[in-house]
Structures are given as C-alpha cells and as structure tokens.
Amino acid sequence: MMSTVGEIKKELSRQLRDEQGFLGLAIRRENEKEYILVRVKSLTKHWERRVPEEIDGVRIKLEKGEPAHAYVLK
C-alpha cells in the first residue's frame, strides 16, 4: 500500500527525532511533486546511511541546516 507524503513524514520524524544532530522535517514541492526535506546539523556518512533517498516513491533530500533555524513545517 502506498503511503502519503504526510504519513511518511510522520514516521521519519518518529524515527529520527531523538538522534543528535536532527533539526527537523519539511514537505516541499518541486516540479509538481512533493518531497521530504530532512535538516541535520552536518551532512555526515551517518545521515547518508540513516536516511533513505526514497520511500514508497517519495523522494527524500538531506540538507545541512542551522540549529537556530530548526523547525518542522506541515
């Protein structure tokens, strides 16, 4: 069964929220397709292995963010 972008975001948030360096998630739109943006303090191999590039056809992108700008968008 295909999951919605919102369901995938909730599950990713649940899995990552307690990890050090995790800043938040946001749903973004690019070329009429939604994707999930994962913000972390630094782009390390740990995060590259921890966060998949795609779940159920929804793209997931990693982005280095600033702790002061950490927020979760709905």
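**Exercise 1. Describe the surroundings of Glu48 and its salt bridge partner.**

Step 1. Glu48 has a relative accessible area of 46%, which makes it partly exposed. The classes are as follows: buried is under 20% relative accessible area, exposed is over 50%, and partly exposed lies in between, using a 1.4 Å probe and protein chains only.

Step 2. Before going on, note that this is a predicted model, where local features need pLDDT of at least 70, side-chain atom pairs count only at pLDDT 80 or more, and totals for chains, interfaces and linings use all residues. Residues are numbered from 1 along each chain as its sequence is written, and side-chain values use heavy atoms, with hydrogens and water left out.

Step 3. Now for the partner: Lys45 forms a salt bridge with Glu48, and their closest N and O atoms are 3.7 Å apart. A salt bridge here needs a side-chain nitrogen of Lys or Arg within 4 Å of a carboxyl oxygen of Asp or Glu. Lys45 counts as exposed, at 56% relative accessibility.

Step 4. Both residues belong to helix α2 (residues 45–50), three residues apart, or about one turn of the helix. Helices (H or I, at least four residues) and strands (E, at least two) are DSSP runs, numbered from the N terminus.

**Exercise 2. Find the salt bridge of Glu11 and say how the two residues are placed.**

Step 1. The partner of Glu11 is Arg14, with 2.6 Å between the closest N and O atoms.

Step 2. Glu11 and Arg14 are separated by about one helical turn, because they stand three residues apart in helix α1 (residues 5–16).

Step 3. Check the accessibility: Glu11 is partly exposed at 33%, and Arg14 is partly exposed at 45%.

**Exercise 3. Work out which parts of the chain the salt bridge of Arg39 and Glu63 links.**

Step 1. In this salt bridge, the closest N and O atoms of Arg39 and Glu63 are 2.8 Å apart.

Step 2. The pair links distant parts of the chain, with Arg39 in strand β2 (residues 33–40) and Glu63 in strand β4 (residues 58–64), 24 residues apart.

Step 3. Arg39 is buried at 12% relative accessibility, whereas Glu63 is partly exposed at 29%.

Step 4. To round off the topic, a search of the whole structure finds seven salt bridges.

**Exercise 4. Lay out the strands of the sheet in order.**

Step 1. Four strands form an open sheet with mixed pairing, in the order β1-β2-β4-β3. Two strands pair if DSSP finds at least two bridges between them.

Step 2. β1 (22–30) and β3 (54–55) are at the edges with a single partner strand each, so one side of each has no neighbour in the sheet.

Step 3. β1 and β2 run antiparallel and are joined by eight bridges; one example is Gly24, whose bridge partner in β2 is Arg39.

Step 4. β3 and β4 also run antiparallel, joined by two bridges, and here Glu54 has Arg59 in β4 as its bridge partner.

**Exercise 5. Trace what Arg59 and Lys61 do with their charged ends.**

Step 1. Arg59 and Lys61 are linked with Glu30 in a network of salt bridges.

Step 2. The charged end of Lys61 sits over the ring of Tyr35, 4.4 Å from its centre. This requires NZ of Lys or CZ of Arg within 6 Å of the ring centre and within 35 degrees of the ring normal.

Step 3. The charged end of Arg59 sits over the ring of Tyr35 as well, 5.2 Å from its centre.
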